[in-house]
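Q: Please take a close look at the enclosed cavities in this model and at what lines them. Add a note on any unusual backbone geometry.

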Amino acid sequence: MTIVVIYLTVTLYKRAVKPAFSDEKGYTVIVDAGHGNPDGGATGISGTGESEINLKISQKLSAKLKEKCYNVIMTRETEEGIYSEGNSIKEKKLSDMHNRERIINESGADIFLSIHMNSFSDASVSGAQVFYSVNRVEAIALAEAVRQRLIPLYEKNDRILKEAPKSVYLMNKAKIPACLVECGFLSNAENEALLMSDEYQEKIAEAIASGIDDYFKGDTDEK
Ligand SMILES: [Zn+2]
């Protein structure tokens with residue numbers, strides 16, 4: 001009983017004094033819905049397009065961050081990629097990546113979160129995976145805070161953080177703390193069904209938003 005009272009007191013105290021967002025500027029988070037036409041990303045086993053789910057979760061994440069008083073920049077808000085030139089798919093994808101890179105490094109935002117769905121040849125593989133950019137050491141704390149919040153969403157979801165490979169263009173180019181969240185596997189039937197549902201997309205968005213909040217509070221232990 002005593003422990004519960006202390007815990008509640010501490011929790012309420014922390015909420016009451018949570019000062020980080022009372023200043024006028026607030027933190028700015030870039031929410032990047034991965035891919036976008038003509039780049040659909042991965043395809044689920046029942047035909048679900050990754051880019052579409054990325055966008056839905058990103059929109060939900062954006063709404064939740066705004067509720068928590070963060071400023072949000074979305075890299076894309078429609079099914080279309082943000083290419084500004086190019087004729088072939090390859091050229092459009094290149095232009096799209098350059099435009100996203102510009103948003104990351106020229107918007108003055110504090111952190112960058114890229115939202116993706118995973119796919120693997122082994123259909124039994126499931127769960128979330130968070131990658132961090134090696135360019136800024138803070139990205140590890142950010143990625144870990146998000147990972148902690150995602151753990152309860154799947155069974156046996158204990159995958160540790162991974163360094164983003166150099167081949168992941170935006171993770172390689174980002175000059176602010178950046179991480180890439182693979183929210184689940186479209187190649188796994190159960191994950192895919194969950195990721196397609198509005199309710200589960202809400203849960204994922206809430207988990208990521210809470211992880212971001214934990215990161216800015218420097219508070220990854222308390223849940
Ligand atoms: Zn992807």
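A: The cavities come first, and the backbone follows.

This is a predicted model, in which local features need pLDDT of at least 70, side-chain atom pairs count only at pLDDT 80 or more, and totals for chains, interfaces and linings use all residues. Residues are numbered from 1 along each chain as its sequence is written, and side-chain values use heavy atoms, with hydrogens and water left out.

A cavity here is a set of points, on a 1 Å grid over the protein atoms alone, where a 1.4 Å probe fits but cannot get out; lining residues have an atom within 4 Å of a point. Grid points are joined across faces, edges and corners, and the volume is the space filled by probe spheres set on the points. Two cavities of 30 Å³ or more are counted by this rule.

The largest cavity has a volume of about 50 Å³. Its lining consists of Ala128, Gln129, Val130, Arg147, Leu150, Ile151, Asn157, Arg159 and Ile160. Strand 4 (129-132) and helix 4 are the elements that give two or more residues to this lining. Helices (H or I, at least four residues) and strands (E, at least two) are DSSP runs, numbered from the N terminus. By class, the lining of the largest cavity holds five nonpolar, two polar and two charged residues. Ala, Val, Leu, Ile, Met, Phe, Trp, Tyr, Cys and Pro count as nonpolar, Asp, Glu, Lys and Arg as charged, and the others, Gly among them, as polar.

The second largest cavity has about 40 Å³ of space. Ser133, Val134, Ala164, Pro165, Lys166, Met171 and Asn172 line this cavity, and they divide into four nonpolar, two polar and one charged.

Turning to the backbone, most residues other than glycine have a negative phi, and most peptide bonds are trans. Asn37 and Pro38 are joined by a cis peptide bond, with omega about 10°. Pro38 sits in the loop between strand 1 (28-33) and helix 2 (50-67).

Cys69, not a glycine, has a positive phi of about 70°. Cys69 belongs to the loop between helix 2 and strand 2 (71-74). Lys156 is not a glycine either, and its phi is positive at about 45°. The loop that holds Lys156 runs between helix 4 (138-150) and strand 5 (162-163). Buried means under 20% relative accessible area, exposed over 50%, and partly exposed in between (1.4 Å probe, protein chains only). Cys69 is partly exposed because its relative accessibility is 48%, whereas Lys156, at 79%, is exposed.

Technical notes: 1 Å grid on protein atoms, 1.4 Å probe; cavity = no way out; pocket = protein on both sides within 12 Å on 5 of 7 lines; lining within 4 Å.
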